[in-house]
Amino acid sequence: MKKKIIILGIESSCDETAVSIIQENENDKPLILSNIISSQIDVHKEFGGVVPELAARSHVEKIDLIAKKAIEESNIKIEDIDAVAATAGPGLIVCLSVGLSFGKTIAQSLKKPFIAVNHLEGHALSPKLNSKIDYPYLLLLISGGHSQFLSVEGLGKYKRLGTTIDDAVGEAFDKTAKLLGIEFPGGPRIEEYAKKGNPNKYELPKPIINKGGCNLSFAGLKTAVLRVTKQIKTDQEKYDLAASFQKTVEEILYKKSKVAFKEFKNINRDRDNAFVVAGGVAANKKIREVLIKLCEEENFKAIFPPINLCGDNAAMIAMVGLEKYKKKQFDNLDHPAKPRWALDEEAIFLKGAGVRL
């Protein structure tokens, strides 16, 4: 009987120390044998955001313990793994270096292949952990650091259709939460506040909503929220602003996704149309509902990772590792950490003043 491939995944690109072990399975959906995530909320709470040096120190302190726990929970021996996959970028270089070095050390000591993984590709393939998906598919990647539409043509083959020209949507959520006095990390709690508010109370801008194809912009929305918060006096007004912000983001993503659908169909004719939404913001239930409704209207199949795999985790890194292992796409142990690493490296950089749409 053929041995099923086992991959050890490591993630340390920002403020989650994570290790996971997955195993190849017959139905194309691997078994997650363990998926341990250690968050650093308490480390960064008093600063209202991630402090790179503190994040890196926390990774150094925890990664060995997290790896041992992942191996113990998986009920396998470390010698049973077939390869080690570790995030090499993008992210905070001081954080990336911890997990990357740790992964290389394990691979070298066990004499197993090493696989350097693009963190964004981890998100792109994360729905494969619970769904069977065929290439090509349309991807909306929405997180704290990234917001982009990509046509996923195959493993390592991406064509960017649109991106944010300034801030990521997750960053807008986090900034709005901070302005409303919600303790870090506040972005996910905006949805809770919004349930108590009137979504029509405040009229907020939707930058480049009718131009720029499926490119996105959230800086103007953040600025508008800042102006409104200076006039807020009651908790109810906070709830109303959260609801208005949530509704505005939903409308932006609905409209821009619709444009992306059209662009995707133009380059992938006569295909089954699948729309994958991944990244931390994909855990927002209202955004999911809006995008599922759009998919029903446009005859696309909506696919999301499980809620617990939307944020940064090592199972998605191991998933990429498994796909690359099958194609024998291994990396040398001198592979560098890459704080900037686009999925579509031929796409034009679209940030900063002077961007023309």
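Which residues does Leu31 touch, not counting residues up to four places away in sequence? Let's start there. On that count, Leu31 touches Ile21, Ile22, Gln23 and Asn25. One caution before going on: what you have in front of you is a predicted model. Leu31 itself sits in strand S3, which covers residues 31–39. Its relative accessible area is 38%, so Leu31 counts as partly exposed. And look across to Leu129: it is 98 residues apart from Leu31 along the chain, and yet the two C-alpha atoms are separated by 7.9 Å.

Okay, cysteines, as this is a bench crowd. How many disulfides does the structure hold? Zero. As a reminder, a disulfide is a covalent bond between the sulfur atoms of two cysteines. Take Cys95: the closest cysteine sulfur is in Cys14, and at 6.2 Å that is too far for a bond. The cut-off used here is 2.5 Å between the sulfurs. Cys95 is also buried, with a relative accessible area of 0%. Then there's Cys295, which is in no disulfide either; its nearest cysteine sulfur belongs to Cys214, 14 Å away. Cys295 is buried too, at a relative accessible area of 2%.

Cys295 takes us to helix H9, where it is one of the buried residues. H9 runs over residues 285–298, so count 14 residues. From first C-alpha to last, H9 reaches 20 Å, close to the 20 Å you'd expect at 1.5 Å a residue.

Now, which residues of H9 are buried? They are Ile287, Arg288, Val290, Leu291, Leu294 and Cys295. Yes, there's an arginine in that list: Arg288. These residues cover an arc of only 165° around the axis, which puts them on the same side of H9. The background is simple: an α-helix has 3.6 residues a turn, so residues three or four places apart point the same way. On the other side of H9, you'll find Lys285 and Glu296 exposed.

What do the buried residues of H9 pack against? There are strands, namely S6 (137–142), S9 (274–278) and S10 (301–303), and there are helices, namely H5 (169–179) and H8 (235–267).

Have a look at the ends of H9 as well. At the N-terminal end, Asn284 acts as the cap: one of its side-chain oxygens lies 3.2 Å from the backbone nitrogen of Lys286. Just after H9 comes Asn299, with a positive phi of about 60°.

Helix H7, residues 219–229, gives us another buried set: Leu221, Lys222, Ala224, Val225, Val228 and Thr229. Here the arc is only 160° around the axis, which puts those residues on the same side of H7. Their packing partners are H5 and H8. H5 and H8 also turn up on the list of elements that the buried residues of H9 pack against.

Next, the rings. The count comes to seven aromatic pairs. One of them is Tyr135 with Tyr137, and this pair is stacked, at 5.8 Å centre to centre and 15° between the planes. Are those two tyrosines buried or exposed? Tyr135 is partly exposed, with a relative accessible area of 25%, whereas Tyr137 is buried, at 0%. Elsewhere, ring pairs link Phe261, Phe264, Phe275 and Phe300 into a cluster.

Last topic: backbone oddities. Most residues other than glycine have a negative phi, and most peptide bonds are trans. So here are some exceptions to look up on your screen.

Tyr135 comes back here, since a cis peptide bond joins it to Pro136, with omega about -5°. Pro136 lies in the loop between helix H4 (119–125) and S6. There's a cis peptide bond between Gly89 and Pro90 too, with omega about -15°. Pro90 has its place in the loop between strand S4 (83–89) and helix H3 (93–110).

As for phi, Lys111 has a positive value near 55°. Lys111 is in the loop between H3 and strand S5 (114–118), and it is exposed, with a relative accessible area of 75%. Lys328 also has a positive phi, about 55°, although it is not a glycine. You'll find Lys328 in the segment after helix H10 (315–326), and it is exposed as well, at 53% relative accessible area.

That's my tour. Over to you.

Conventions:
Residues are numbered from 1 along each chain as its sequence is written. This is a predicted model: local features need pLDDT of at least 70, side-chain atom pairs count only at pLDDT 80 or more; totals for chains, interfaces and linings use all residues. Side-chain values use heavy atoms; hydrogens and water are left out. Buried means under 20% relative accessible area, exposed over 50%, partly exposed in between (1.4 Å probe, protein chains only). Helices (H or I, at least four residues) and strands (E, at least two) are DSSP runs, numbered from the N terminus. The expected span of a helix is 1.5 Å times one less than its number of residues. The arc is that of the directions from the helix axis to the C-beta atoms. Contact means heavy atoms within 4.5 Å. A polar contact is a pair of N or O atoms within 3.5 Å; within protein, one must be able to donate a hydrogen and the other to accept it, and residues adjacent in sequence count only if both atoms are side-chain atoms. Rings of Phe, Tyr and Trp (its six-membered ring) pair if their centres lie within 6.5 Å; planes under 30 degrees apart count as stacked, over 60 as edge-to-face and the rest as tilted.
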